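Student: I'd like to learn how to read ring pairs and buried residues in a structure. Can we go through one together?

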There are 2 protein chains.
Amino acid sequence: MAKEKKAPRPRAQTPKGFRDYFGTEVTERAHMLHTIAGVYHRYGFEALESSAVETVEALGKFLPDVDRPNEGVFAWEDDDDGWVALRYDLTAPLARVYAQHRNDLPTPYRRYAMGPVWRNEKPGPGRFRQFYQCDADTVGAPSVAADAEICAMLSDTLEEVGIPRGDYLVRVNNRKVLNGVLETMGLSDDAQQQAVLRTIDKFDKVGESGVRELLGKGRLDASGAYIDGVGLSDDQAAPVLAFLTSKGADAAATLANLRAAIGGSAIGAEGVDELEQIATLLDAGGYGSSRIEIDPSVVRGLGYYTGPVFEAELTFEILDEKGRKRQFGSVSGGGRYDDLVKRFTGQSVPATGVSIGVDRLLAALRAKGRIGGTAQGPVVVTVMDKDRMADYQSMVAELRNNGIRAEVYLGNPKNFGNQLKYADKRESPVAVIEGGDEKARGVVQIKDLILGAKLAQSASLEEWKERPSQYEVTRDQLVAKVREILSQWA
Amino acid sequence: MAKEKKAPRPRAQTPKGFRDYFGTEVTERAHMLHTIAGVYHRYGFEALESSAVETVEALGKFLPDVDRPNEGVFAWEDDDDGWVALRYDLTAPLARVYAQHRNDLPTPYRRYAMGPVWRNEKPGPGRFRQFYQCDADTVGAPSVAADAEICAMLSDTLEEVGIPRGDYLVRVNNRKVLNGVLETMGLSDDAQQQAVLRTIDKFDKVGESGVRELLGKGRLDASGAYIDGVGLSDDQAAPVLAFLTSKGADAAATLANLRAAIGGSAIGAEGVDELEQIATLLDAGGYGSSRIEIDPSVVRGLGYYTGPVFEAELTFEILDEKGRKRQFGSVSGGGRYDDLVKRFTGQSVPATGVSIGVDRLLAALRAKGRIGGTAQGPVVVTVMDKDRMADYQSMVAELRNNGIRAEVYLGNPKNFGNQLKYADKRESPVAVIEGGDEKARGVVQIKDLILGAKLAQSASLEEWKERPSQYEVTRDQLVAKVREILSQWA
């Protein structure tokens, strides 16, 4: 009789571009989100958790990054609702939520949201298809006071999660100023305006001379490919470059340079006035230029936003993958976008907000050694006699009731070496041992595993003898002795 | 010229069966998850956050609820990985994660996971297609000490989130005992065994007499439909009913009853021994029968699990939707399932765990008034003169720097009544007012809005006069006065 053919075993693998997070990766992020939520709460923002799934029509095509394909979502057809998709950011759902619930929400509505978003893109190194976003937005407030508030909150948030003043800078620009520059240039052709916007977006990468070439005839890029230019003459391109490089020694100087760059444009003047108001409001709140500054070279998202634009940058240096020093760079961006709700209601609703790249911010704190030290594992109570599991169980209960992280060894207890290997893998600071002999004498052995590891690494024979890493105490001294050892290593 | 036809506006609506969570709905859940994570951490469990998306082959067909359709997932075809789906629980991903990472994980591996899961089912009232699960599992520990630990942890968790001792009970049963009963009955036909298991699963709903009818000829249910029975004789059905009702006055009595019910079955005896060991271990840890008890009437998931089964029930009464008193019921369930990882690796790996219904637990705490009191809104600094926004901005900055939740009014300040209506909608405890006159005199007006509302509801004219709800203080007294008022209402 032929043997029945079995189905092949499933591969134990996440789909491409997805990953799992373990231990401190999860708890450090949770802790950071908790801290950020605290700051947002203090600013009067309310939590919102919208559903992960939205109808495709509600999501629309509002990806802030112009280079991304509109199709970059995970979508499927639902029996009830037609095509639905996983949210690709937290802004599009906010527009839907505000349109749906606007009669019950206060105006202005300040909300924050934190959670995973999904992008159906080719994954790459460090580029995942599911990642966290953490947003705060104010809907229904036309005044730049709302923008200034977001900048102040961003500054407070960075300091509260552990980036000290001086290690970050919130930079503010304004799309309206750029519009004024384009108007002054007489660049009214929409396609050409878009081409200029796309070019400006590369300022971070290619610098002033690169932008000059790309606004003109074109540029040979690093890979040797020739990129066609927008086709402006040097004279035509000059105001754009003046705008991008108009940062002065202080806010007043920058604003003066900008006023020169916009010529007689009304929308440009409005933009410069807004930047001036923002600077004044922030000064009044104690947020000087060492924390937040006007900087016209901020270009990210300038094509997407309609007014003020913000970016938070970490200014300290780290070593990149090739060992070269470089600035850590941007961890947050945002700005004003006044048309998002209009799709649903027909009415234009002013909105401004910011998104923090939580995973990048965590990476920054790790790079600076501010988080991610060795996490303390649990105290491990070893099992010397498996018929006395109840004794060991009562020890861990006692330790836990005293607030000490503790577990009993639950693997096969036969080989004691395996138990100590397990404790090592768990990064346990302390192991507790109670064999039959100890039980009879009413004592327990307590091993200081951290000291033991240190001694094993470097101690001389004399030190070994002088500093024992194992102690015998009476059973009722268990908690006190463990606590004493833990307090040394805390 | 014909008018251009516009695309219709998108509906601002979540897909059916999905919803949004606002304000305290979000923060109360976050707080509860944080508390639960603290208990799990103390027990040595490590956080795990697996990806929301899994390959369909990795998910398999392991829904614990036997009545659910296997198709109940949201799935789509991916270019790289074939069919992928949103996770429907946190157990199937754990099996995949353990199989994928087993060489890097400690054995046993204790992990907890919290997050949304998705079910593609017909939504109903209070039944959503996205909801939270909060699981803890131990993988690789064959001993019932692992099951006992889960029960103890569940008990501690309930108390720590605010369910006092006496208001809950963790009940423990064992699938092996039932297997012993079926063996004793001589019921070796697999289809008939499954039919008995399905019938037992209805014990909660139809009670002893209902199960008796369903094991026999059949039963007329409440809707008038006739449900066919399994077809056992009364004598044949008796051991099953003896098993279900074998709970005695204490653990010893219950265990004696169970030993009688299983006759000479070896697997049954193993099950009863396990229950006895669990009871002994829990007693040693201080978890007496007022917190955790052996109860053979626990039937949920008995068809799914392979050994000990647990359920946490809240024992206090609430009023149901028709105003009748009823016990709140189950908020958590779990048990031992030894075959989950085998699909991937071919090796059987013992596992035991528990899942807490976070949303039900929150509902219970709300029903008991332990959470969900009126959340305190922010102090609202009103805008009397919109050219002095910087003054108001510096007030809120000062309040926030002193840890007080505060915001400046960012709507159109023209109508002062609207500002107070806004403060009301925000449930603000205090409004701050500084008009031109106050500014000139160096003072601010501080309105106690909670006292104001109370007085408006019930005060006599005398009380109104005696207890003013508005105070004038000098500008430098702002923080102190606001703090004084807030402390009254904290």
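Student: Is B:Y305 buried or exposed?

Tutor: Keep in mind that this is a predicted model. The general idea is to compare the relative accessible area with a cut-off: buried means under 20%. B:Y305 has a relative accessible area of 13%, so B:Y305 is buried.

Student: Which ring does B:Y305 pair with?

Tutor: Ring pairs are judged by the distance between centres and the angle between planes, and an angle that is neither under 30 degrees nor over 60 counts as tilted. B:Y305 and B:Y337 are 6.5 Å apart centre to centre, with 50 degrees between the planes, which makes a tilted pair. B:Y337 is buried too, with a relative accessible area of 6%.

Student: Where do these two tyrosines lie in chain B?

Tutor: Look at the loops. B:Y305 is in the one between β11 (292-294) and β12 (308-319), while B:Y337 is in the one between β13 (325-336) and α11 (342-345). They are 32 residues apart, and the pair links these distant parts of the chain.

Student: How many aromatic pairs are there over all chains?

Tutor: The count is 21. Another tilted pair is A:F18 with A:F74, at 5.9 Å centre to centre and 40 degrees between the planes.

Student: Which parts of chain A does that pair tie together?

Tutor: A:F18 lies in the segment before β1 (21-22), and A:F74 lies in the loop between α2 (56-59) and β4 (75-78), so the pair ties together parts that are 56 residues apart in sequence. Both rings belong to buried residues: A:F18 has 6% relative accessibility, and A:F74 has a relative accessible area of 1%.

Student: Which residues form an aromatic cluster with them?

Tutor: Here you need to look at both chains. A:F18, A:F74 and A:W76 form one cluster with B:F18, B:F74 and B:W76.

Student: What sits over the ring of A:Y21?

Tutor: For this feature, look for a charged end facing a ring. The charged end of A:R19 is over A:Y21, 3.9 Å from the ring centre. In chain B, B:R29 lies over the face of B:Y21, at 4.5 Å from the centre of the ring.

Student: What joins the side chains of B:E293 and B:K247?

Tutor: A polar contact of 3.2 Å. B:E293 is in strand β11 of chain B, and it is buried, with a relative accessible area of 16%. Beyond its neighbours within four places in sequence, B:E293 is in contact with B:L169, B:V170, B:R171 and B:V172, as well as B:K247.

How values were computed: Residues are numbered from 1 along each chain as its sequence is written. Chains are lettered from A and ligands numbered from 1 in the order in which they are written. This is a predicted model: local features need pLDDT of at least 70, side-chain atom pairs count only at pLDDT 80 or more; totals for chains, interfaces and linings use all residues. Side-chain values use heavy atoms; hydrogens and water are left out. Rings of Phe, Tyr and Trp (its six-membered ring) pair if their centres lie within 6.5 Å; planes under 30 degrees apart count as stacked, over 60 as edge-to-face and the rest as tilted. Helices (H or I, at least four residues) and strands (E, at least two) are DSSP runs, numbered from the N terminus. Buried means under 20% relative accessible area, exposed over 50%, partly exposed in between (1.4 Å probe, protein chains only). A charge sits over a ring if NZ of Lys or CZ of Arg is within 6 Å of the ring centre and within 35 degrees of the ring normal. A polar contact is a pair of N or O atoms within 3.5 Å; within protein, one must be able to donate a hydrogen and the other to accept it, and residues adjacent in sequence count only if both atoms are side-chain atoms. Contact means heavy atoms within 4.5 Å.
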